[in-house]
Amino acid sequence: MAPSIEAKKAVLFHLLNLNLLMDLGVDPPLTPSPSTPSPQAPLEQCHLLYGQTACFSLQPPWVGPSRPVVRAPQSPEEIGTTFSLFTRQNYSVPVPLDPGQLSTIVGAPFTPGRPFKVVVHGYLSHGGVAWAKTLKGELLRAADQNVVVVDWSVGSMPPFSQAVANLRLVGAQLAYLIYSLNIFADVPISDFHLIGHSLGAHLNGQAGSILKRTYSLTLPRITGLDPAEPYFNDTNPVTRLDTSDATFVDVIHTDDAPILGFPLSLGMTQPIGHLDFYPNGGTQPGCDNGAPSCHHTRAITYFTESIRQSCPMLAVVCPSYQEFIDGECWGCDASHPCSPMGLAAAPLPVPHHTSLYLETRARSPHCGYHYRISVTASNSTEARDYQGEFAITHVKLEGHKDVSPTLKLSSQSHYYEADSTHRRVVLTRDIGRLKRITLHFEDPTWLFPRFKKAVFIESVTVEPLGKDIRWKFCFEVPVQKFDKDYVLTQKDMRDVC
């Protein structure tokens, strides 16, 4: 049977991994390792972990078509994982937590009765990375709670396949830390919320799985910030972050951008949580000329900004991103539920692996307010006789709070024919109660002369997301010429045109 697309992507990533010197210090093999271990391959690797033996299987599903290389985790001594506790009382000076030293758990100066947020970095990173410090600061600013930062920086170094193996052991260490806090420091399991980026998201999944399987403890929530795709996409749920790892698993997917032109990305596109958020469909505005990791790290930025809540990051359940921006999923009702993305995300009565979509801005603050704009063409005799016209529509919204910039309803022209409606979702500022709307119809076909060059628009409707409000403006003039501004005001508002 021919290999799957995911298997081909895994092999391609493995070759890129070598060719880009991500496996520094290791002589690259002539061909990727086979997808199944040889008869001589060890069945498992065991390490002494906090006085107990922990064994890690090296057999399927830990190796397979989407994971062509399997390695054993390095020892705890080699990885050197550390756990640092921060509270409002020790905002900048960490207090180490060592599950191997019970006194550091029992005597830990955490704030009792308050939540524990656990922050985990990913590949080629460390616990002192700038984004982890910023996230920790925002969490402590927002609430009097406890923040634990996990540093497994030695274990997250190249080769990538070794980091993938190491996260299993670090996940077991994190699980034991949470178990120790629960048993010896009376911290309820309901207080924990794990937040991980890239490989850190899957590491948290391992911690959740081990807590449930070994200690009969179920985490209330894990947030995955663009979980890593290579070696995890299309794999057995036991090997990656999955809905079984916590009561609520929410995932922000921000990287569907190709790596150096190759058809694979750093972040997962496959839905793996209870709620899977896809801002901008998976490729982020403002990252076109940025660092290769810009899309991948944007999930961190979105989550961090969601804590301050300067404006909403409201997402809508929808079958696809295209249907979302075309305005086909709207209303925040039973048919299309809504949820904030980020810290305020909460379970919805929807099936597992439900996808939600939203738009964000290219620059910080990335949040905004969604509006659905519907432009309806007339069904008059003159409009039908004209047989339609292509136009690029520009809209500006003016409300009692603010004014939007001029918004383009689509990057390409739209064909306005009689009795048709062009819908589009846009993101802008909170304009408040809409007072005025300005429309401008651009001619995209100026190379092809036509006698009249006009559109026949009857009405424009604007609806803010999450509110039971609808503003409808009617055109008094039956025909609109190109390259001219048309201003509609409150006197043009009516339910029926």
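Is Pro115 buried, partly exposed or exposed? Pro115 counts as partly exposed, because its relative accessibility is 28%. That value falls between the 20% limit for buried and the 50% limit for exposed. The model described here is predicted. The protein has nine helices and 24 strands. Of its 497 residues, 55% are buried.

**Contacts across the sequence**

- Take the contacts in the protein with a separation of 6 or more. Residues 24 or more positions apart account for 75% of them.
- Pro115 offers an example of two residues far apart in number but not in space. Pro115 and Phe192 are separated by 77 residues in sequence, yet their C-alpha atoms are 6.2 Å apart.

**Around Pro115**

- Pro115 sits in a loop. Helix H3 (102–106) comes before that loop, and strand E5 (116–120) comes after it.
- Which residues does Pro115 contact, leaving aside its neighbours within four places in sequence? They are Gln145, Asn146 and Asp191.

**Helices H5 and H6: the pair**

- Helix H5 covers residues 160–184, and helix H6 covers residues 199–215.
- Their axes come within 7 Å of each other. They cross at roughly 45°.
- That angle makes H5 oblique to H6. It is over the 35 degrees below which a pair counts as roughly parallel, and under the 65 degrees where roughly perpendicular begins.
- The crossing of H5 and H6 is right-handed.
- What kinds of residues make the contact of H5 with H6? There are 17 nonpolar residues, four polar and one charged.

**Helix H5 on its own**

- H5 has 25 residues. From its first C-alpha to its last it reaches 36 Å, close to the 36 Å expected at 1.5 Å a residue.
- H5 is mostly covered, with 22 of its 25 residues buried.
- Asp186 comes just after H5 and takes a positive phi of about 55°.

**Helix H6 on its own**

- H6 has 17 residues, which should span 24 Å at 1.5 Å a residue. The end C-alpha atoms of H6 are 23 Å apart, and this agrees with the expected span.
- Why is H6 described as largely enclosed by the rest of the structure? The reason is that 14 of its 17 residues are buried.
- Ser216 follows H6, and its phi is positive, near 55°.

**Helices H4 and H7**

- Helix H4 (residues 130–142) packs against H7 at an angle of about 20°. The two axes are 9 Å apart.
- H4 and H7 are therefore roughly parallel to each other, since angles under 35 degrees count that way.
- The crossing of H4 and H7 is left-handed.
- Which residues make this contact? H4 supplies Trp131, Thr134, Leu135, Glu138, Leu139, Arg141 and Ala142. H7 supplies Ile300, Phe303, Thr304, Ile307 and Arg308.
- Sorted by type, the residues of the contact of H4 with H7 are seven nonpolar, two polar and three charged.

**Backbone angles to look for**

- Most residues other than glycine have a negative phi. The residues in the next two points go against that trend.
- Asp226 has a positive phi, near 45°. Asp226 lies in the loop between strand E8 (219–225) and strand E9 (246–252). Its relative accessibility is 0%, so Asp226 counts as buried.
- Asn280 has a positive phi, near 60°. Its loop runs between strand E10 (275–279) and helix H7 (294–308). Asn280 is buried, because its relative accessible area is 8% and the limit for buried is under 20%.

**Cis peptide bonds**

- Most peptide bonds are trans. The bonds below are cis.
- The bond from Pro60 to Pro61 is cis, with omega near 10°. Pro61 is placed in the loop between strand E2 (52–57) and helix H2 (76–79).
- Where is Pro365 found? Look in the loop between strand E13 (354–358) and strand E14 (369–377). A cis peptide bond joins Pro365 to Ser364, and its omega is about -5°.

Conventions
Residues numbered from 1 in each chain as written. Predicted model: local features only at pLDDT ≥ 70, side-chain atom pairs only at ≥ 80, totals over all residues. Heavy atoms only, no water. Axes fitted to C-alpha atoms, helices over the stretch in contact; angles between N-to-C directions. Helix = DSSP H or I, 4+ residues; strand = E, 2+ residues; numbered from the N terminus. Parallel < 35°, antiparallel > 145°, perpendicular 65-115°, else oblique. Left-handed = near helix turned anticlockwise from the far one by under 90°. Nonpolar A, V, L, I, M, F, W, Y, C, P; charged D, E, K, R; others polar. Expected span 1.5 Å × (residues − 1). Buried < 20%, exposed > 50% of the residue type's maximum accessible area, 1.4 Å probe, protein only. Contact = heavy atoms within 4.5 Å.
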